[in-house]
Amino acid sequence: MKNYPFACLIILASVLAQLDSVGQSTPDFKIQVVDSQISIGYGLAIGDVDGDRKADILLADQKEIVWYKNPGDKTSPWKRYVMAANLTPQDNVCIAARDLNGDGRVEVAVGAGWNPSETSDSTKSGAVFYLIRPQDPTQRWEPVRLPHEVTTHRMRWAKVGADSYQLVVAPLHGLGNKDGKGRGVRIWGYTFPKNPKGIWNQHLVDSTLHLTHNFDVWEDGNATGMIVASKEGGQIFRWQKNKWQPVDDESASNTLDILNKGVSGIGEIRRMDNGQRIATIQPMHGNLLQIETGFYSFREPRKPVDEKEITLITDIFNQGHALVCGDFLGLGSDQIVAGWRNPNAGGKVGVRLFKQKEPGNMEGYPLDDSVSMACEDMQAADLDGDGDLDLIASGRSTHNVLIYWNGLK
Ligand SMILES: [Ca+2]
Ligand SMILES: [Ca+2]
Ligand SMILES: [Ca+2]
């Protein structure tokens, strides 16, 4: 990883430590409780499970993998169905859902065996399963076990060709790691085969990083990329010439201790505005939300889009753990929604939407004033098909799954 502190203009935005503000353009989100009795809510995914063209919610909860059927209105309950239970002796930890074969129904993979303190014995740490759908998706799905590394942690489906997809899986630790040190984490892309019970060819994405807590995948025309959050900072990879290759520019390589508090590393990372900016939560399970600009565009020809700039948006989180970006408010550029899971100095857990007030200055709005959300994971998707992005969050100590219906449209 390279460091370019000299190239960075660091802005301690005037909104540092800013708390909630309200104004004329206050985002309008209405909360619906989907479930108030989950266990941990490790991972969420969104997609149409039953093929009725309405996006459903999938959840990797502690012991069960479940989905909630979209009822098609905003008052009816979201009925819960168990897809799989007790896949491993340990907890489940992540889930990925996407329609890979074009039949309008998602293909689903899950990660389990969550045992972050065991980094040596892969029989006791980590697990990756593809779930074969039954005729009736409300019945149990058949798990197919894939090879895995220790400490399986995050997964996403990535499109790597016209009809070709990979399940990309990032463990948290490398083999034998202690205190985030030792061999690099092996991140693999598993090619989705015609027969899910057959061989899933594996492509190594990277083996150099540590504490790879999360990643984001995007597709832009024929280009597929991913950006990984790690102890070393962010690193961009691109699928090119049939393999994953690191993008050697300044990419997201900065993990700057901008408050001089001895923290480093990135926990959460998301692209904003088609890659012109990235949002990060730092350090892992950290309190800081930042935006960096100045990335090379992924469109050809690649060129710097801006001077590199890092803006601290807020430091009010305690265990920041969820991050999504999108134009929720129809402003023509992306806003950030971030959540944290432990009570902060003000005694609150929660979810905040951050919207640009003026360049370099973002305002935060609480989205969960009426219902508590110790945010473990979050997704953005248009659940009611009205053209605006809604939010879906899962709460750890609050044991809930909530929808935040966007009132923009
Ligand atoms: Ca559906
Ligand atoms: Ca499908
Ligand atoms: Ca919507």
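## Two calcium sites, stop by stop

Select the calcium ion (ligand 2): along the chain its donors follow the spacing D-x1-N-x1-D-x1-R-x1-E. Donors here are N, O and S atoms within 2.8 Å of the metal (3.2 Å for Na, K and Ca); water is not among the atoms, so sites may look incomplete. This is a predicted model: local features need pLDDT of at least 70, side-chain atom pairs count only at pLDDT 80 or more, and totals for chains, interfaces and linings use all residues. Residues are numbered from 1 along each chain as its sequence is written, chains are lettered from A and ligands numbered from 1 in the order in which they are written, and side-chain values use heavy atoms, with hydrogens and water left out.

Now show the residues around ligand 2. Asp99 (OD), Asn101 (OD1), Asp103 (OD), Arg105 (O) and Glu107 (OE, listed twice) coordinate the calcium ion at 2.1 to 2.5 Å. The 6 donor atoms subtend angles of 53 to 172°, so the arrangement is irregular (six donors count as octahedral if opposite donors are over 155 degrees apart and all others between 65 and 115; four count as tetrahedral if all angles lie between 85 and 135 degrees, or as square planar by the octahedral rule; anything else is irregular).

Pick Glu107: buried, at 5% relative accessibility. Asp103 is partly exposed, at 34%. (Buried is under 20% relative accessible area, exposed over 50%, partly exposed in between; 1.4 Å probe, protein chains only.)

Move to the calcium ion (ligand 1). Its donors are spaced D-x1-D-x1-D-x1-K-x1-D. Asp48 (OD), Asp50 (OD), Asp52 (OD), Lys54 (O) and Asp56 (OD, listed twice) coordinate ligand 1 at 2.3 to 2.7 Å. Angles among the 6 donor atoms run from 51 to 170°, and the site is irregular.

End on two of its residues. Asp56 is buried, at 0% relative accessibility. Lys54 is partly exposed, at 30%.
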